[in-house]
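Here is a short tour for anyone meeting this structure for the first time. Keep the 3D view open and turn it as you read.

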Amino acid sequence: MVKPTTVKTKPYADQKPGTSGLRKRVTVFQQNQHYAENFIQSIISVIEPSERQAATLVVGGDGRFFMKDAIQLIVQIAAANGINHLVIGQNGIMSTPAVSCVIRKLKAVGGIILTASHNPGGPSGDFGIKYNISSGGPAPEGITNKIFEISKGLQEYHICPELKVDLATIGKQTFEVDTFKPFIVEIVDSVEAYAEMLRDIFDFAALKDLFSGANHINVRLDAMHGVVGPYIKKIVCEELGSPANSAVNCVPQEDFGGHHPDPNLTYAADLVNTMKSGEFDFGAAFDGDGDRNMVLGKHGFFVNPSDSVAVIGANITCIPYFKKTGVKGLARSMPTSGALDNVAKALKMQLYETPTGWKFFGNLMDAGKLSLCGEESFGTGSDHIREKDGLWAVLAWLSILASRKQSVEEIMKDHWQKFGRNFFTRYDYEEVDSDSANKMMKDLEAQMSEPSFVGKQFSSGDKAYAVAVADNFAYTDPVDGSVSKNQGLRIIFSDGSRIIFRLSGTGSAGATVRLYIDSYENDGQKILQDPQVMLAPLVDIALKLSQLHERTGRTGPTVIT
């Protein structure tokens, strides 16, 4: 018999979950007494006590440092709070898309994901705890605010300190907990439920032929030592027949091999360089927890994430799932380029523009209004689950290659010829001093709010732009009417070009300033130009207007996409 105990604690004022849970440096969780315990208790406290004895919670993470410690705490605190059943990925490993899949399959009350996504890991890296609700999607603001309010007043938490779980052995472990029904911890294969779902979505026979048939292509998939490694090995290599050497960095590591598990041109440079050799026809990289992806063609041809979702949208009938379900609507986050809008217009589909954060898409999906969506931050997904899904996006692309029998570059160039091209770039300034960043945004918004700002002309080189709209993006959810304000400063010019500034909530230290530039071109002579050349005048205008470099003390961005 295991006895729950009550531990006195003091609340922390900084446990406000961002768009993707609570993310901090590992040392914050390790060195502040009861820090993790407080937040885990606050999450479990949002589950009604009357529901807990029948509740199943799904738990998994991306393998980063401190994950296994946190899982043991979740087990001990869940048991002491009367949760009936935990389902945990073997060795704690379960990708964010797989957690969403399992929550939905088991009709669980929710799930706790241990990840800081694409942020670095290891003892000096980042750690995060995220709560997903019964739809399989990230907790909406109403719930994250509730968690935050509980955390600010927390005086005690409940725990069964002597309860220990073997995370390595698949099967059920049952514990007698004083005053409650027996507590069941079930360790499951991390991949199987998710693989079963993908078999229903894609034509595995066509993919198998693409990987290992007579006219097969050569692929290179880089898991960046994150959680997707076991999924690639089991699904792409073992089941679909891609050779073992097509998958690299597939063993999850606590520090992601000392790298930053962020699939972009800067942090996935190894894959970019390998692709430049011309040996592989298709390349992809995934982030730490498996919800983001980057797609590359032969010779390192880069597919911008905004274009990626547009191509999937334009070729959606190559994926059997959508033939069954139909296409209910398309959506993109506000900073994402208008490439998807062009597809929606041509195919006469409804398009939604939402704030950044997958939960906004989830609401539309739950209401039956949305089938396919994407964010410029390498996130693409559909209504098969309620998270963005890196491996799903890559298999969607490979399904299009199998169907069209063209290369990535050919598909992309055909797309631009047909729909025109949105030239797009994003400049990230990471770990900038928060006060300087906030002051810069405030002053910029004040400038933009002046009545004379709309209609103002800006020029750089031989290009001139007139301001048509200047605002701080606000979104009214068409499903529940909730309003989200202050979602990013937008300057939209009369030709449709956009400059956007946002402060991001996914870092764990300082602020990340993101500058986005989007400009449409349908002149067949210009659509193959380099985006950095085409967008240089708008970048120049944006930097001068905001004084971003002067105000932050930076000479250039940390990452350019």
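## Helix α16, end to end

Let's start with helix α16, which runs over residues 408-419. With twelve residues at 1.5 Å each, the helix should span 16 Å, and since its end C-alpha atoms are in fact 16 Å apart, the expectation and the model agree. Bear in mind that this is a predicted model.

Which residues of α16 are buried? They are V408, I411, M412, H415, W416 and F419. Look down the axis of α16 and you'll find these buried residues within an arc of 135°, so they line one face of the helix. Over on the other side of α16, Q417 and K418 are exposed.

What comes right after α16? The next residue is G420, which has a positive phi, near 85°. Then there's R421, whose charged end sits over the ring of W416, 3.8 Å from the ring centre. W416 is also one of the buried residues of α16.

## The whole chain

Time to zoom out. The chain's secondary structure comes to 19 helices and 27 strands. Its radius of gyration is 23 Å, and the globule rule gives 24 Å for 561 residues; the two values are close, so the chain is as compact as a globular protein of that length. Along its principal axes, the C-alpha trace spans about 75 × 60 × 40 Å.

How much of the chain is buried? Buried residues make up 59% of the 561 residues. The contacts reach along the chain, too: take those between residues at least 6 apart in sequence, and 72% of them join residues at least 24 apart.

## Aromatic rings

Now for the rings. A pair of aromatic rings is described by how far apart the centres are and by the angle of the planes. This chain has 15 aromatic pairs. In one of them, the ring centres of F29 and F127 are 5.2 Å apart and the planes are at 85°; an angle over 60 degrees counts as edge-to-face, so that is what this pair is. The pair links distant parts of the chain, with F29 in helix α1 (residues 26-31) and F127 in strand β6 (residues 126-133), 98 residues apart.

Are F29 and F127 buried or exposed? F29 counts as buried because its relative accessibility is 3%, and F127 is buried as well, with a relative accessible area of 0%. Another pair is F453 with F458, which is tilted: the distance is 5.8 Å centre to centre, with 55° between the planes. Both F453 and F458 are buried. Back with F29 and F127, there is company to look for: Y12, F29, Y35, F66 and F127 form one aromatic cluster.

## Two buried residues in helices

Next, pick out Q76, which has its place in helix α4 (residues 67-80). Its relative accessibility is 6%, so Q76 counts as buried. What does Q76 touch, leaving aside residues up to four places away in sequence? The list is H158, I159, C160, P161, L163 and K164.

C237 lies in a helix as well, namely α9 (residues 229-239). At 11% relative accessibility, C237 is under the 20% cut-off, so it counts as buried. Not counting residues up to four places away in sequence, C237 touches I232, S242, P243, A244, S246 and A247. As for M94, it is 143 residues from C237 along the chain, and the C-alpha atoms of C237 and M94 are separated by 18 Å.

## Two exposed residues in loops

Finally, head for a pair of loops. K348 lies in the loop between α13 (339-346) and β16 (351-354). Although K348 is not a glycine, it has a positive phi of about 55°. K348 is exposed, too, with a relative accessible area of 77%.

Where is N486? Look in the loop between β23 (483-484) and β24 (489-493). N486 isn't a glycine, yet it has a positive phi of about 55°. Its relative accessibility is 58%, so N486 counts as exposed.

Definitions and conventions. Residues numbered from 1 in each chain as written. Predicted model: local features only at pLDDT ≥ 70, side-chain atom pairs only at ≥ 80, totals over all residues. Heavy atoms only, no water. Phe/Tyr/Trp six-rings, centres within 6.5 Å; stacked < 30°, edge-to-face > 60°. Helix = DSSP H or I, 4+ residues; strand = E, 2+ residues; numbered from the N terminus. Buried < 20%, exposed > 50% of the residue type's maximum accessible area, 1.4 Å probe, protein only. Lys NZ or Arg CZ within 6 Å of the ring centre and 35° of its normal. Contact = heavy atoms within 4.5 Å. Expected span 1.5 Å × (residues − 1). Arc of directions from axis to C-beta. Rg over C-alpha atoms; globule rule 2.2 N^0.38 Å.
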